[in-house]
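Colleague: Please walk me through one part of this model slowly, as I'm still learning to read structures. Pick one helix, tell me what surrounds it, and then show me some ring packing elsewhere.

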Amino acid sequence: MEAAENNHSERTKLSDNGKERTERDDHFQNSSSKFAKSESKLLSSSKCRDGSICAQCFDNSNQGRCRIVHSRTKMMKLLIEKGEVKEVQSVFDGLVGEGHRPSLVTFTTLVCALTAQKRYKQLKSVMSRIAEYGMKPDVILYNAILNGFCQAREIDKAMDIFRKMKQSGCSPTTSTFNTIIKGYGILGQPEEASKVLKMMHETNVKPNIRTYNILINAWCAKNNLTEARKVMSKMRASDILPDAVSYNTLAKAYAQSGEAYKAEKLVIEMQNEYLRPNERTCGIVINGYCKEGRMDDALRVLYRMIDLEVPPNLVVFNTLVKGYTDRLHFARIDEVLDLMERFGVKPDVITFSIIMNAWSTAGLVEKSKATFQKMQLAGIKPDIHSYCILAKGYVRAQKPAEAEALLLEVEEMGLFANVVMFTTVISGWCSAAKMADAMRVYNKLFEYGIAPNLDTFDTLIWGYSEAKEPWKAEELLQTMKDKGVLPDKNSIELVAEAWHAVGLFEEGKRVLSDHKMTLVSSNSRGRDYLLSYGLIAGPSDELYKQRMAISSALVPYVPGARNKQKTLTSTLHKKWNGIFQDMNFFSEHQRKRGLVLVRYTCKVDLMSNCLYANCFKRHPGPSRGRLCSCNTLFTTSQFSQSSKASTLSPLRF
């Protein structure tokens with residue numbers, strides 16, 4: 001948790017981090033070249049250059065002294081530090097393939113790499129491989145494997161390893177128990193984690209401050225702050241005083257539960273224990289007040305940081321900026337920016353992006369663009385996220401062409417457009433009901449080597465729904481599967497609603513029925529969808545049947561639509577375009593009453609449908625005062641050539 005705090009405080013220092021990454025890359029390249037040169041010399045004198053096993057590695061009296069193994073292990077550690085964990089496995093395989101026996105340190109490094117990649121299933125094979133070499137794991141290797149299984153949420157396997165560890169004569173350490181406590185915390189079982197603490201006392205293993213902090217975090221994650229407080233009392237009873245991490249964990253839990261004032265009280269408690277609050281502590285309190293909308297209190301805590309001699313950092317200022325923008329208090333943002341200048345804290349790309357996002361969300365793209373230009377004048381290079389926000393502003397302002405033009409600007413800036421930006425542009429064209437342009441941008445995705453995601457397809461489906469082309473929306477479900485993107489509940493419901501939008505409720509019902517398993521396996525809303533259409537049985541099945549009867553009654557008669565299979569013929573496409581071109585759809589009031597009667601024309605003749613209950617009578621020609629078998633009397637107004645569609649007023653006896 002201490003490492004997490006350090007990472008959080010440094011997260012917004014982008015320019016410094018960029019320099020550090022560059023220096024690290026240079027260091028890594030230099031180290032790699034040195035390793036390559038040293039290994040070439042070692043291999044030339046190695047006893048395994050002919051493909052046989054390395055005698056030095058398998059000599060028990062000389063175990064662990066093979067310089068090749070030591071060199072490769074160090075290389076694996078450097079790869080992990082640089083974040084290239086996928087390369088660790090190939091280095092390990094190459095070492096074994098050359099006839100060397102990995103050391104325990106090598107295996108420990110491999111386990112750390114597998115855990116970082118979430119390849120937990122391979123941890124068991126590592127244990128088997130160690131046994132094949134006749135090696136006995138040490139406590140560090142056991143702890144690494146325990147951590148892997150705990151991260152995988154497989155606490156039972158972790159406890160099996162723990163028992164094997166004790167049976168092998170390897171005594172657990174404080175770090176061992178800390179890992180198990182963390183594992184139970186990940187599973188949301190702080191009660192079991194507390195039992196592990198008791199086990200430590202029984203085995204005479206002394207807990208450290210990290211032990212208690214992990215347990216405090218486990219209780220806070222369950223929002224049981226009373227038990228978390230008790231753990232802090234146990235700390236003091238064990239002559240271990242809570243540190244900043246302890247208080248920050250508790251403060252964060254209070255802030256997340258909407259009790260920022262209690263988080264602020266912890267600052268006073270820390271001072272009473274002669275513990276100085278840090279930027280993280282005050283930042284948590286400020287963030288809590290911002291989420292509650294108490295911006296005056298948030299600003300007050302910022303000024304209090306001055307009295308505490310805790311200089312606010314960029315994270316704190318960005319939190320305040322976001323709090324004001326979320327409530328559209330743009331006038332107060334200038335005050336925050338003045339304070340940043342006063343403390344010598346320069347705004348970064350995140351600061352400007354937060355302000356831009358507020359303007360773009362409100363559809364004030366000119367304001368967003370002005371902020372974007374101000375960021376450039378400040379010497380801050382926009383990132384792809386900034387361009388995505390600006391594109392969103394153009395889309396909200398109904399300017400999809402300008403949003404698409406940003407794709408070229410991004411390329412000129414040496415940045416790479418991502419799927420989020422492309423999807424944003426696509427949504428702009430969909431909102432304008434220009435699906436040809438939307439599909440053109442979609443096809444451009446592949447030219448850039450970018451794969452569409454679920455949001456991309458959902459946006460296109462929604463676009464075809466708005467364009468009243470449900471058959472094209474449904475065709476996208478197959479396109480998704482072809483591209484390796486599985487439709488989810490939302491995708492299927494969007495297609496069903498596309499059919500509903502044109503009044504074809506039977507077709508929407510068919511879509512839901514075809515994808516029944518996907519909806520059932522999703523959340524409760526997907527199941528409710530199926531229940532409401534009578535596709536699966538429910539506790540109040542009769543009620544759902546009644547609802548289905550009303551919904552089904554709203555289906556206008558379209559020749560051939562009921563017998564439609566998976567796709568429609570081009571002839572039917574043209575007929576639909578004629579029928580529904582200027583159709584006035586049912587009002588919400590009419591939908592609720594289930595009393596809808598629509599007259600429409602397709603350039604050939606005028607047709608009137610009685611759409612009440614389960615009656616699907618079709619009455620050709622202009623009807624006046626006709627009584628249907630469902631006891632609904634409907635009348636028609638005088639039909640004129642200029643009126644292609646009008647809603648009729650049904651009267652039920």
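**Helix α20 and beyond**

Modeller: Let's start at an end: just after α20, G379 takes a positive phi of about 80°. Before going on, note that this is a predicted model, where local features need pLDDT of at least 70 and side-chain atom pairs count only at pLDDT 80 or more, while totals for chains, interfaces and linings use all residues. Residues are numbered from 1 along each chain as its sequence is written, and side-chain values use heavy atoms, with hydrogens and water left out.

Now the helix itself. Helix α20 covers residues 365-377, 13 residues in total (helices here are DSSP runs of H or I with at least four residues, numbered from the N terminus). From its first C-alpha to its last it reaches 18 Å, close to the 18 Å expected at 1.5 Å a residue (the expected span is 1.5 Å times one less than the number of residues).

Which residues of α20 are buried? They are V365, S368, T371, F372 and M375 (buried means under 20% relative accessible area, exposed over 50% and partly exposed in between, using a 1.4 Å probe and protein chains only). These residues sit on the same side of α20, because they cover an arc of only 120° around the axis (the arc is that of the directions from the helix axis to the C-beta atoms). As a rule, an α-helix has 3.6 residues a turn, so residues three or four places apart point the same way. On the other side of α20, you'll find E366 and L377 exposed.

What do the buried residues of α20 pack against? Their partners are α19 (349-361), α21 (384-396) and α22 (400-412) (contact means heavy atoms within 4.5 Å).

Now step back to the cores. The largest nonpolar core has 97 residues, and F107, L250, I286, L302 and L320 touch the most other members (a nonpolar core is a set of buried Ala, Val, Leu, Ile, Met, Phe, Trp, Tyr and Cys residues joined through side-chain atoms within 4.5 Å). F372, which we just met in α20, belongs to a second, separate core of 54 residues that also includes I384, L406 and I426.

I426 turns up again in the contacts of T459, a residue of helix α25. T459 is buried, at a relative accessible area of 14%. Not counting residues up to four places away in sequence, T459 touches T423, I426, S427 and C430.

Finally, the rings. There are nine aromatic pairs in the structure. In one of them, Y442 and F446 meet edge-to-face, 5.2 Å centre to centre and with 90° between the planes (rings of Phe, Tyr and Trp, the last by its six-membered ring, pair if their centres lie within 6.5 Å; planes under 30 degrees apart count as stacked, over 60 as edge-to-face and the rest as tilted). Both lie in helix α24 (residues 435-447), four residues apart, about one turn of the helix. Y442 also forms an edge-to-face pair with F457, at 5.8 Å centre to centre and 65° between the planes. That pair links distant parts of the chain, as Y442 is in helix α24 and F457 in helix α25 (residues 454-466), 15 residues apart. Y442 is buried, and so is F457, whereas F446 is partly exposed at 34%. F446 has a charge over its face too: K483, at 4.4 Å from the ring centre (this needs NZ of Lys or CZ of Arg within 6 Å of the ring centre and within 35 degrees of the ring normal).

How values were computed. Helix = DSSP H or I, 4+ residues; strand = E, 2+ residues; numbered from the N terminus.
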